[in-house]
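Visitor: Please show me the model, and then let us discuss how its helices pack.

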Amino acid sequence: AYTYLILYDKKLFFDRKKVLETLKLAHTLAPQNPDILLKMAAVYFDAGDMDNYLLHANKSIEMKIDYIPAYMDLISYYYNEKNLEAAQALIQRVLKIQFISAEFIPALKLLAEVSLKNNDKDSAQAVLKFYDENFYITQL
């Protein structure tokens with residue numbers, strides 16, 4: 001299962017059906033792994049199946065409430081779909097997470113941009129404040 005995941009991430013393996021079968025098997029073996037669900041969501045997204053994409057991306061967050069990669073995927077999706085209210089609601093959830101890893105740093109610009117486009121200057125300032133309070137050391 002692991003080989004297919006890596007190959008799919010690198011876009012070297014295009015048999016979506018086989019990838020989904022492998023991911024479903026991986027999910028039965030590791031049902032508490034949100035990364036598997038997010039990878040399934042990515043396959044559905046690539047196939048244009050937005051209902052299953054949203055279902056699996058949201059399930060990965062339900063499984064692990066602080067799973068930042070799923071939040072960022074969904075925020076980007078809603079932003080690109082011009083659903084700023086949904087993107088903003090997810091941003092508010094992200095800002096309430098107590099611990100956020102360094103993988104989150106590049107996404108802060110998107111969060112601030114979505115907040116500003118949604119005329120929510122308070123959230124944009126909260127994102128920048130969050131950055132200043134939590135990641136200033138990474139600038140060194």
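**Helix packing and core**

Guide: α2 passes α3 in a left-handed crossing, that is, the near helix is turned anticlockwise from the far one by less than a right angle. Helices are DSSP runs (H or I, at least four residues), numbered from the N terminus. This is a predicted model, in which local features need pLDDT of at least 70 and side-chain atom pairs count only at pLDDT 80 or more, while totals for chains, interfaces and linings use all residues. Residues are numbered from 1 along each chain as its sequence is written, and side-chain values use heavy atoms, leaving out hydrogens and water.

Visitor: Are α2 and α3 roughly parallel or antiparallel to each other?

Guide: Their axes, lines fitted to C-alpha atoms over the stretch in contact, with angles from 0 to 180 degrees between N-to-C directions, come within 10 Å and cross at roughly 160 degrees. Angles over 145 degrees count as roughly antiparallel. The pair α2 and α3 is therefore roughly antiparallel.

Visitor: Which helix supplies the largest share of the largest nonpolar core?

Guide: Such a core joins buried (under 20% relative accessible area, 1.4 Å probe, protein chains only) Ala, Val, Leu, Ile, Met, Phe, Trp, Tyr and Cys residues through side-chain atoms within 4.5 Å. Here the core has 42 residues, and Tyr78 is among those touching the most other members. The largest share, 9 residues, comes from α5.

Visitor: How far apart in space are glutamate 21 and methionine 40?

Guide: Glutamate 21 lies in helix α2. In sequence, glutamate 21 and methionine 40 are 19 residues apart. Their separation in space, C-alpha to C-alpha, is 9.7 Å.

Conventions
Buried < 20%, exposed > 50% of the residue type's maximum accessible area, 1.4 Å probe, protein only. Helix = DSSP H or I, 4+ residues; strand = E, 2+ residues; numbered from the N terminus. Parallel < 35°, antiparallel > 145°, perpendicular 65-115°, else oblique.
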